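Thanks, everyone, for making the time this morning. I would like to walk you through one structure that will be new to most of you, so please have a look at it before I go on.

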Amino acid sequence: MRAVVFEGTLQFRHDVELRPLDQDDVIVDVIKAGICETDLQLCQGYMGFSGTLGHEFVGIARSGLFAGQRVAGEINCACHACEICQRQLPNHCPHRTVIGIAGHDGAFAESVVVPEKNLHAIPDEISDGEAVFVEPIAAACRIAEQIHLAGGEVVTVLGDGRLGNLCAQVLRHQGCRVRVVGKHEYKLNLLEQLQISTIRLDKLQPQRDSDIVVDCTGSPTGLTTALRLVRPCGTIILKTTVAADQSIHMAPFVIDEIKLIGSRCGPFAVAIELLRNHAISVEPLLTATYPLEEAIVAFGHAVRKDALKVVFNVR
Ligand SMILES: [Zn+2]
Ligand SMILES: [Zn+2]
């Protein structure tokens with residue numbers, strides 16, 4: 001089948017084969033799949049990944065409970081037997097593979113193998129183009145699982161990219177008072193059009209008035225900026241990984257009793273409901289679509305500063 005593979009270099013190939021199925025696996029015929037920051041990082045050697053890329057997708061299940069239906073798939077494939085899984089933390093299963101990220105071929109392909117437990121049906125009200133955003137919206141929804149939001153919290157989101165935009169929309173929907181700090185006029189305007197207030201990074205006055213700062217910059221400087229904005233006893237949430245080591249002065253965390261929370265994958269069912277209710281607007285984030293054959297051009301586009309979501313049209 002056709003697939004976009006990373007093996008030291010990014011390649012489009014015609015001759016990729018699906019791996020043999022395990023008992024609970026379902027083949028999903030991919031309709032669309034989105035390129036995300038993690039894919040760009042994997043191409044820089046992050047996680048030492050080699051194989052078919054892609055973890056944000058919508059497709060049609062060939063068999064099982066969802067046969068013939070449109071589905072999106074959670075990306076962590078857990079063993080469901082170990083102690084961590086039994087503590088209901090399958091996303092942290094030490095034996096897990098992660099679709100398109102670690103030890104598991106991804107969805108930039110005609111088909112992808114997904115455990116049936118990971119699948120969620122996509123309701124008719126949600127278009128294919130919107131369904132590609134279920135995975136990153138779920139990641140944004142993870143924040144509300146990790147900290148109690150009463151509504152009215154002052155939240156600063158650092159980063160005006162794909163994930164920053166979705167975190168801002170989700171937290172606004174939760175009743176938080178959200179502003180986004182970014183560098184890109186076009187992306188900030190887009191947020192303003194969604195009635196989310198924004199400020200350019202170079203105009204930012206360090207004022208420690210945020211109850212919560214969400215770092216979606218993917219940059220080593222994000223955490224330092226967050227420390228200048230979070231109030232004493234406030235919370236910093238790290239949404240993006242930085243591949244390189246970084247050093248930071250830890251004393252402020254103690255002196256000001258700042259909570260630091262790492263945050264990764266989240267609840268698909270909640271994300272699907274938000275999309276179904278039109279609580280989140282994703283159309284403005286769609287930058288361009290490409291066929292799998294144009295993978296190199298598509299990745300080149302996704303890297304550009306003015307790009308938000310670049311999507312592969314697979315069928
Ligand atoms: Zn992603
Ligand atoms: Zn496990």
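**A helix pair and a sheet**

Let me begin with the contact between two helices in this model, which is a predicted one: Pro136, Ile137, Ala139, Ala140, Cys141 and Ile143 of α4 meet Arg162, Leu163, Leu166, Cys167, Val170 and Leu171 of α5. Sorted by kind, the residues of this contact between α4 and α5 come to 11 nonpolar and 1 charged, with no polar residue.

As for how the two are placed, helix α4 covers residues 134-146 and helix α5 residues 162-173, and they pack at an angle of about 55° with their axes 9 Å apart, which makes α4 oblique to α5. The crossing in which α4 passes α5 is right-handed.

Let me turn now to the sheet, which is open and is formed by 6 strands with parallel pairing, in the order β13-β12-β11-β14-β15-β16. The edges are taken by β13 (197-200) and β16 (259-262), and each of these has a single partner strand, so one side of each is left without a neighbour in the sheet. On average, and ignoring direction, neighbouring strands of this sheet are turned by 20° against each other.

To look at one pairing in detail, strand β14, residues 210-215, and strand β15, residues 230-238, pair in the parallel sense over 5 bridges, and Val214 stands opposite Ile237 in β15.

Finally, α5 brings us back to where we began, for this helix also packs on the sheet, touching β11 (154-158), β12 (177-182) and β14, and the direction of α5 makes about 170° with that of β12.

Notes
Residues are numbered from 1 along each chain as its sequence is written. Chains are lettered from A and ligands numbered from 1 in the order in which they are written. This is a predicted model: local features need pLDDT of at least 70, side-chain atom pairs count only at pLDDT 80 or more; totals for chains, interfaces and linings use all residues. Axes are lines fitted to C-alpha atoms, for helices over the stretch in contact, and angles run from 0 to 180 degrees between N-to-C directions. Helices (H or I, at least four residues) and strands (E, at least two) are DSSP runs, numbered from the N terminus. Angles under 35 degrees count as roughly parallel, over 145 as roughly antiparallel, 65 to 115 as roughly perpendicular and the rest as oblique. A crossing is left-handed if the near helix is turned anticlockwise from the far one by less than a right angle, and right-handed if clockwise. Two residues are in contact if their C-beta atoms, placed from the backbone, lie within 7 Å. Ala, Val, Leu, Ile, Met, Phe, Trp, Tyr, Cys and Pro count as nonpolar, Asp, Glu, Lys and Arg as charged, and the others, Gly among them, as polar. Two strands pair if DSSP finds at least two bridges between them.
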